[in-house]
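Here is a short briefing for a newcomer to this model. Start with the ligand, then turn to the domains.

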Amino acid sequence: MISFVGAGPGNVDLITVKGRRLLEEADVVIYAGSLVSKEHLNFCKEGCKLHNSASMTLEEVIEVMKAGEDENLKVVRLHTGDPSIYGAIKEQMDLLDQEEISYEVVPGVSSFTAACSSIKKEFTLPDVSQTVILTRIEGRTPVPEKEDLEKLAAHKASMAIFLSVQDIGRVVEKLARGYQRDDVPVAVVYKATWEDEKIIIGTLCDIEEKVKKEGVNKMAQILVGDFIDGDYSRSKLYDPTFTHEYRRASK
Ligand code: SAH
């Protein structure tokens, strides 16, 4: 059996109970060594075979899975955060489909929610934004033109920008053009939930300078929007004058 498992953002306890159990029972683990905490591997049983996918091609990963399947072994493919977001999981699943090998996918805590927890904010505030945009700036992987950061920023929704901190200058430029103001709050969270986590708070005006000063150029979330700092309305859900399915309004 092949199980794709989201390892969570870093802290070893932020994997799901199901994911941890699969790791404990695994005969073979293929882990994304550049981002997954090695601490997860301490939960593997003795004799479990470990492969770091950082130095492997897609074909090599599939070979390891196939060999495991042939021997009826339990194989875990450990992805960082949640595998459905920038996980390159689809190309693996497609090749397994071709080979008629079945698999399951176990979700994980993505780094965008982990980063928001680290700064203790809420993405979806009434009268601020009810939408979260997850995106990235183009790098070696292109981004469709209609999803250019400037165009997305024009919606003024809450944003979590992955894979982009190395280009913070260009990110800020596009966001400022989209938002049409440069006092928009920004939080850059480096290695959210790891022991060496760093939080850098600023606005579109000064965040580039602050990030460069801290030397952060990888493994960071760039969170953007007025949800980070500013006014909002209270929720209707807990409003004493508002009745809903589970609670009557008080007089
Ligand atoms: N599937 C992962 C994302 C993989 S892409 C997830 O759901 O989080 C890798 C990018 O994710 C990094 O460039 C960075 O932008 C972000 N990232 C991963 N772990 C992070 C962490 N602990 N703190 C901040 N950003 C992180």
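A nitrogen atom of the ligand lies 2.8 Å from a backbone N or O atom of D82. This comes from a predicted model. The protein covers 96% of the 540 Å² of accessible area that the ligand has on its own.

**Polar contacts of the ligand**
- D82 uses its backbone for the 2.8 Å approach to a ligand nitrogen.
- T80 also takes part through its backbone: one of its polar backbone atoms is 3.0 Å from a nitrogen atom of the ligand.
- L163 pairs with an oxygen atom of the ligand, and a backbone N or O atom of L163 lies 2.9 Å from that oxygen.

**The shell around the ligand**
- How many residues surround the ligand? There are 18.
- The closest of these are I85, S110, S111, A192 and A220.
- Sorted by class, the shell holds 11 nonpolar residues, five polar residues and two charged residues.

**Where the ligand sits**
- The ligand occupies the largest pocket.
- Which domains supply the shell? Domain 1 (2–106) and domain 2 (111–224) each give at least three residues.

**The two domains**
- The domain assignment of the protein chain places domain 1 at 2–106 and domain 2 at 111–224.
- Their C-alpha centres are 28 Å apart.
- Where the two domains are in contact, nine residues come from domain 1 and 12 residues come from domain 2.

**To take away**
- The ligand is in the largest pocket, and its shell draws on both domain 1 and domain 2.
- Backbone atoms of T80, D82 and L163 approach polar atoms of the ligand.

Terms used
Residues numbered from 1 in each chain as written. Predicted model: local features only at pLDDT ≥ 70, side-chain atom pairs only at ≥ 80, totals over all residues. Heavy atoms only, no water. Near = heavy atom within 4 Å. Polar contact = N/O pair within 3.5 Å; in protein donor to acceptor, adjacent residues only side chain to side chain. Areas by Shrake-Rupley, 256 points an atom, 1.4 Å probe, with all protein chains shown as cover. 1 Å grid on protein atoms, 1.4 Å probe; cavity = no way out; pocket = protein on both sides within 12 Å on 5 of 7 lines; lining within 4 Å. Sits in = over half its atoms within 2 Å of the grid points. Nonpolar A, V, L, I, M, F, W, Y, C, P; charged D, E, K, R; others polar. Domains from an automatic or database assignment. Contact = heavy atoms within 4.5 Å.
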